[in-house]
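Biologist: Could you walk me through this one? I'd like to hear the reason behind each term you use.

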Amino acid sequence: MNMPQDPFHHLHDEAYLSAFDQPRLQADTLLALGGRPQQSLDGDWHFTLDLFDEGLRQKWYTLAQAPAQAWTHPRDYDPYTGGTVAVPANWSMLRPETLHFEGGGWYTRIIDHVPDPDCPITVLRVGAANYQSRVFLNGHFMGTHLGGSTPFCVDLSEALLPGPNRLQIQVDNRRELDRVPMRHVDWFNHGGIYREVCLLRLPSLHIRSAKVDWTPERGLCVRIRLNQTLDTVAHCQVPALGLRLEIPIHAGQGEAFAHCNPRMWCPDDPHLYDVHFECGQDRLEDRVGFRHISVSGTQLLLNGEPIFLRGICVHEDDVRLGKVSTEADVRRRFADARAMGCNFLRLSHYPHHEHVARLADEVGILLWEEIPVYWAIDFANPRTLADALNQLHELIERDHNRASVIFWGVGNENADSDARLSFMRTLAQSARQQDPSRLISAACLINREHFRIEDRLAEHLDVIGINEYFGWYEPGFEGLQRLLDQSNPDRPVLITETGADAKAGHHGRDDELFTEECQARILSEQVRISASKPYVCGIAPWLLYDFRSERRHTVFNGGFNRKGVIAEDKQTRKLGFFALQKRYTILRAR
Ligand code: GCB
């Protein structure tokens, strides 16, 4: 006998989340964009915040569209009426009262589908949504994605109907101990869908990823992965080099090599080549620079020549837009960094928008990209490791063809423990296996016991990153000098952070905390002392712009980390900016 369903069942079910745990939308389902036509889904979506997860508990995604007069049951939410928000955007930036909201939010949009026999596959691609996303189409749960800064794809084809379709995405930005990052960070937890969303229409056989790089030993190397595990042939062309490669595909994958002497990409000459890929009816294109990054002893080499990285760290944060970064904002970042004399940016502490690396390829800025394995991650938790590995793979899949990216960073300031070593070693090994063409690093802490640059993880890294704040959190520079003198690393060291807070416009003595003078002196001394050590291959002080942080509430901070050399208006340059500029001019001439 069919029992009628208890209409209050959802009030007593605290296991409601388990229904939305699988399938996971992961790196292996990501699709290379490669110049494919995209149907943008940016713009207005119906939206509501949902602090108590009522939508998941009550299954809001099953609510059919009906005028209120025709409702047969009372509703707590009508996804088809009410407020809309723009995508991409962070809900924290929408209204003052949603600034600190941490919980769920529902996005609903009707999409019209016209079937195309040549392109029967329709894939939804979300550039980034912080932190967990759950996708529903016409009431069906399609999958869930973890990670707040990497893209994900979901094949909608099977649930898509000709005509109007109801697409819903529930996004949840709660801070949790087992997430990556975990609940304690020094930046703002902006929620929502904050990068572009689109639909891709594809032939049934298509290319998932097309990777290309260049090494002195093998020349051009092309790797193709298809969406099906079959045997066929793909092609890759680099017209300006007169190259056409045939790539035999076995079980959906293949690679090919060709000796050639391209004009090498470097910051002073960021030369890019058009590259075309083809398999069956599917075509992709990219603009790629060829360069070779390597390490010899304690030296960092770009195209075989030693290079010193004159860098600066940067967060993706904007007083008006939150984590949304427009092309104009990215170009301004590069212009400011360039004006200071930089050839390198550390994109901290999570994957930034994908157009950052594209534009860096064009303008010639070297990049460090990282995943948010930040501070006290739940290192012993296998689910946390799976999440971190997936974010790393998604980042590498997304940006593999970007010449500007020379480092994959696998962590930041993680206290040494066996669990941390095992977790981060796995990440380093996995990044190396997925992309042998780049350097692996992590921003490590000083070994306080021996007062040396020493970390059990170092043997798994190509370059040792060090965060140190002598002059600021630790008064004086004697410690820095002693640390550098006592260390004898067998590989290059990159100072991945150092700095001091200064409130723009606050002037005083250069030993008075929070003054521009004090910041300028600390930055200047830091660069002078660090760059005098031959094993130091670069420095990236903390950081380009002041940014919103809930940890900082002094009269000087007012909710912002003030270690920027430019204020949060992204215009007011502090004395620290000019101090770095001066040091970098000297280093450039060296
Ligand atoms: C650090 C962290 C960075 C912080 C910075 C600071 O070491 O890596 O995320 O914002 O220090 O300002 O204290």
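What follows is a chat about the empty spaces, the ligand, an aromatic pair and some backbone details.

Modeller: First, this is a predicted model, where local features need pLDDT of at least 70, side-chain atom pairs count only at pLDDT 80 or more, and totals for chains, interfaces and linings use all residues. Residues are numbered from 1 along each chain as its sequence is written, and side-chain values use heavy atoms, with hydrogens and water left out.

Biologist: What makes an empty space a cavity, and how many cavities of 30 Å³ or more are there?

Modeller: On a 1 Å grid over the protein atoms alone, a cavity is a set of points where a 1.4 Å probe fits but cannot get out, while a pocket is an open set with protein on both sides within 12 Å along at least five of seven lines. Points are joined across faces, edges and corners, and the volume is the space filled by probe spheres set on them. By that rule there are two cavities of 30 Å³ or more. The largest cavity has a volume of about 210 Å³.

Biologist: Which residues line the largest cavity, and which come closest to its centre?

Modeller: A lining residue has an atom within 4 Å of a point. The largest cavity has 22 of them, and Asn130, Tyr131, Pro181, Trp187 and Asn189 are the closest to its centre. By class, that's 10 nonpolar, seven polar and five charged residues. Ala, Val, Leu, Ile, Met, Phe, Trp, Tyr, Cys and Pro count as nonpolar, Asp, Glu, Lys and Arg as charged, and the others, Gly among them, as polar.

Biologist: What about the second largest cavity?

Modeller: That one holds about 90 Å³ of space. Its lining has 13 residues, with Val212, Asp213, Gly289, Arg291 and Arg438 nearest the centre. Strand 13 (residues 207-215) gives the most to this lining, with three residues. Strands here are DSSP runs of E with at least two residues, helices are runs of H or I with at least four, and both are numbered from the N terminus.

Biologist: And how big is the largest pocket?

Modeller: About 770 Å³ of space lies in the largest pocket. Of its 26 lining residues, Pro7, His10, Arg57, Gln58 and Lys59 lie nearest its centre. The classes split into 13 nonpolar, seven polar and six charged.

Biologist: Which residues come nearest the ligand?

Modeller: Being near takes a heavy atom within 4 Å. There are 14 residues around the ligand, and Asp186, Tyr374, Glu413, Tyr473 and Lys563 come nearest.

Biologist: How do you know that Trp542 makes a polar contact with the ligand?

Modeller: A polar contact is a pair of N or O atoms within 3.5 Å. A polar side-chain atom of Trp542 is 3.1 Å from a ligand oxygen, so the pair passes. Lys563 also has a polar side-chain atom 2.6 Å from an oxygen atom of the ligand.

Biologist: Why is the pair of Tyr273 and Phe290 called tilted?

Modeller: Rings of Phe, Tyr and Trp (its six-membered ring) pair if their centres lie within 6.5 Å; planes under 30 degrees apart count as stacked, over 60 as edge-to-face and the rest as tilted. The structure holds 26 aromatic pairs. For Tyr273 and Phe290 the centres are 5.5 Å apart and the planes sit at 35 degrees, so the pair is tilted.

Biologist: What is special about the backbone at Pro23, Pro88 and Asp53?

Modeller: A cis peptide bond joins Gln22 and Pro23, with omega about -5 degrees. The bond from Val87 to Pro88 is cis too, with omega near 0 degrees. Asp53 isn't a glycine, yet has a positive phi of about 60 degrees.

Methods
Polar contact = N/O pair within 3.5 Å; in protein donor to acceptor, adjacent residues only side chain to side chain.
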